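The following exercises concern a structure and are each followed by a worked solution. Please attempt each task before reading the steps beneath it.

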Amino acid sequence: MVRAFKFLSLIAVLAAVFPVVGGASPARTAANTVTFQDSRGEDPQGPDITAVTVANDNTGLITFKIDVPNRAQLSGEKLIDIVIDADNNKATGDQDPLNPGADYAVELFQQQANLYQWDGQTYSRSAAGPSQATLIFADSPTGPTISINAVELGNTKKFNFSTTVISGLRFDDSGNLDFANAHADFAPDLGHGLYPYDVKVAPLKLLVKNFKAIPSRPRAGRAFTMQMGAVRNDTGAAIQGGTVKCAAKAGGTTLAARTHRFANKVAVCTWSIPASARGKTFRGSVTVVFEGKKVTKIFSSSIG
């Protein structure tokens, strides 16, 4: 039972009770961060959203920081909603004029966060719906922070959203939410549409994490190994799949690698250095190719 979203059907009624004042424009603070300032002091008895800051990282994790300094700490009588038009299309999703095109809604209530999807009639959860595996929240002295990955919002790249904070909620004798003494604030203000946000994720790059030569310089008549760790720039995760390419020359002679593979999350290339190569220059490289991206480490040394 989605008790909190019963309030969405009451917004039109509340619009006549809570004053609607001027809109707000976003103030960009960083490449992937936008702060939306909200009007203040609409209801002296209610929560007062002063700003909503949205950001995302290179994994697509989207974070909403909702500043409600006069009702900062979460409590059982306070409910917070984020309604999201994930496909940036007013013609799909919820057709309520106050949340046009909304496809998802995040609810934070009684220390629990849940993700709901518009099913054509209401916001609901189902086995076929989003997993909400990445949905987390944290409290702070100025208000809550809620995070969720774009993958669970239809892999959204551009979305619109609104936030609502409601205080004064009670349960009646039947266990149903009672909004009789509720006070609310909306960002943006009612009748001013939704805030827009673009998810910006840097292109995938591979980075060299560690490099090691064994021994420290190649020796004639012995095996020589180059080890290289590679990581993703977005998550920092070690690459342990894909392709390892090894190239080397001793003087002007091309050497075929005995080993070219991953071992313990490290790319390994091993060559046999000819006994006749003493004093020549060894030039070698290790390349890791993953999801069409590659990174190469080059090594050069005199053969001892």
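**Exercise 1.** Determine which residues Ser 162 touches, not counting residues up to four places away in sequence, and decide whether Ser 162 is buried or exposed.

*Solution.* The model is predicted.

Step 1. Leaving out residues up to four places away in sequence, the residues touched by Ser 162 are Asp 81, Ile 82, Val 83, Asn 99, Ala 187, Pro 188 and Leu 194.

Step 2. One of these, Asn 99, also takes part in a polar contact: its side chain and the side chain of Ser 162 meet at 3.1 Å.

Step 3. Ser 162 belongs to strand E11.

Step 4. The relative accessibility of Ser 162 is 8%, so Ser 162 counts as buried. The cut-off for this step is that buried means under 20% relative accessible area.

**Exercise 2.** Establish how strand E5 pairs with E11, and state how many residues of E5 are buried.

*Solution.*

Step 1. E5 and E11 are paired in the antiparallel sense, over seven bridges. Within this pairing, Thr 163 in E11 is the bridge partner of Ile 82.

Step 2. E5 also pairs with strand E6 (residues 104-109), again in the antiparallel sense, over six bridges. Here Leu 108 in E6 stands opposite Ile 80.

Step 3. Strand E5 covers residues 79-85, and seven of the seven are buried; it is therefore largely enclosed by the rest of the structure.

Step 4. The burial applies to both faces of E5. Leu 79, Asp 81, Val 83 and Asp 85 lie on one side, with Ile 80, Ile 82 and Ile 84 on the other, and all are buried.

**Exercise 3.** Describe the pairing of E11 with E14, and sort the residues of E14 by the way they point.

*Solution.*

Step 1. E11 and E14 run antiparallel and are joined by five bridges. Phe 186 in E14 is found opposite Thr 164.

Step 2. Strand E14 spans residues 183-187, and five of its five residues are buried, leaving the strand mostly covered.

Step 3. His 183, Asp 185 and Ala 187 point one way from E14, whereas Ala 184 and Phe 186 point the other way. All of these residues are buried.

**Exercise 4.** Classify the ring pair of Phe 36 and Tyr 195, and then the ring pair of Phe 161 and Tyr 195.

*Solution.*

Step 1. The model contains 14 aromatic pairs. In one of them, the rings of Phe 36 and Tyr 195 lie 4.3 Å apart, centre to centre, with 25 degrees between the planes, and the pair is stacked. The relevant cut-off is that planes under 30 degrees apart count as stacked.

Step 2. This pair links distant parts of the chain, since Phe 36 is in strand E2 (residues 33-37) and Tyr 195 in strand E15 (residues 195-198), 159 residues apart.

Step 3. Phe 36 has 0% relative accessibility and counts as buried; Tyr 195, at 3%, also counts as buried.

Step 4. For Phe 161 and Tyr 195, the ring centres are 5.4 Å apart and the planes are at 55 degrees, so this pair is tilted. It too links distant parts of the chain, with Phe 161 in strand E11 (residues 158-167) and Tyr 195 in strand E15, 34 residues apart. Phe 161 is buried, its relative accessible area being 0%.

Step 5. One aromatic cluster is formed by Phe 36, Phe 64, Phe 159, Phe 161, Tyr 195 and Tyr 197.

**Exercise 5.** Give the order of the strands in the open sheet of four strands, and identify its edge strands.

*Solution.*

Step 1. The order is E16-E17-E21-E20, and the pairing is antiparallel.

Step 2. Strand E16 (206-214) and strand E20 (259-263) are the edge strands, as each pairs on one side only.

Step 3. From one strand to the next, the twist averages 20 degrees.

Step 4. E20 pairs with strand E21 (residues 266-272) in the antiparallel sense over five bridges. Val 266 in E21 stands opposite Ala 263.

**Exercise 6.** Locate Gln 240, and decide whether Gln 240 is buried or exposed.

*Solution.*

Step 1. Gln 240 is placed in the loop between strand E17 (223-232) and strand E18 (243-250).

Step 2. With a relative accessible area of 51%, Gln 240 is exposed, the cut-off for exposed being over 50%.

Step 3. Apart from neighbours within four places in sequence, Gln 240 is in contact with Phe 262 and Lys 265.

Notes
Residues are numbered from 1 along each chain as its sequence is written. This is a predicted model: local features need pLDDT of at least 70, side-chain atom pairs count only at pLDDT 80 or more; totals for chains, interfaces and linings use all residues. Side-chain values use heavy atoms; hydrogens and water are left out. Rings of Phe, Tyr and Trp (its six-membered ring) pair if their centres lie within 6.5 Å; planes under 30 degrees apart count as stacked, over 60 as edge-to-face and the rest as tilted. Helices (H or I, at least four residues) and strands (E, at least two) are DSSP runs, numbered from the N terminus. Buried means under 20% relative accessible area, exposed over 50%, partly exposed in between (1.4 Å probe, protein chains only). A polar contact is a pair of N or O atoms within 3.5 Å; within protein, one must be able to donate a hydrogen and the other to accept it, and residues adjacent in sequence count only if both atoms are side-chain atoms. Contact means heavy atoms within 4.5 Å. Two strands pair if DSSP finds at least two bridges between them. Axes are lines fitted to C-alpha atoms, for helices over the stretch in contact, and angles run from 0 to 180 degrees between N-to-C directions.
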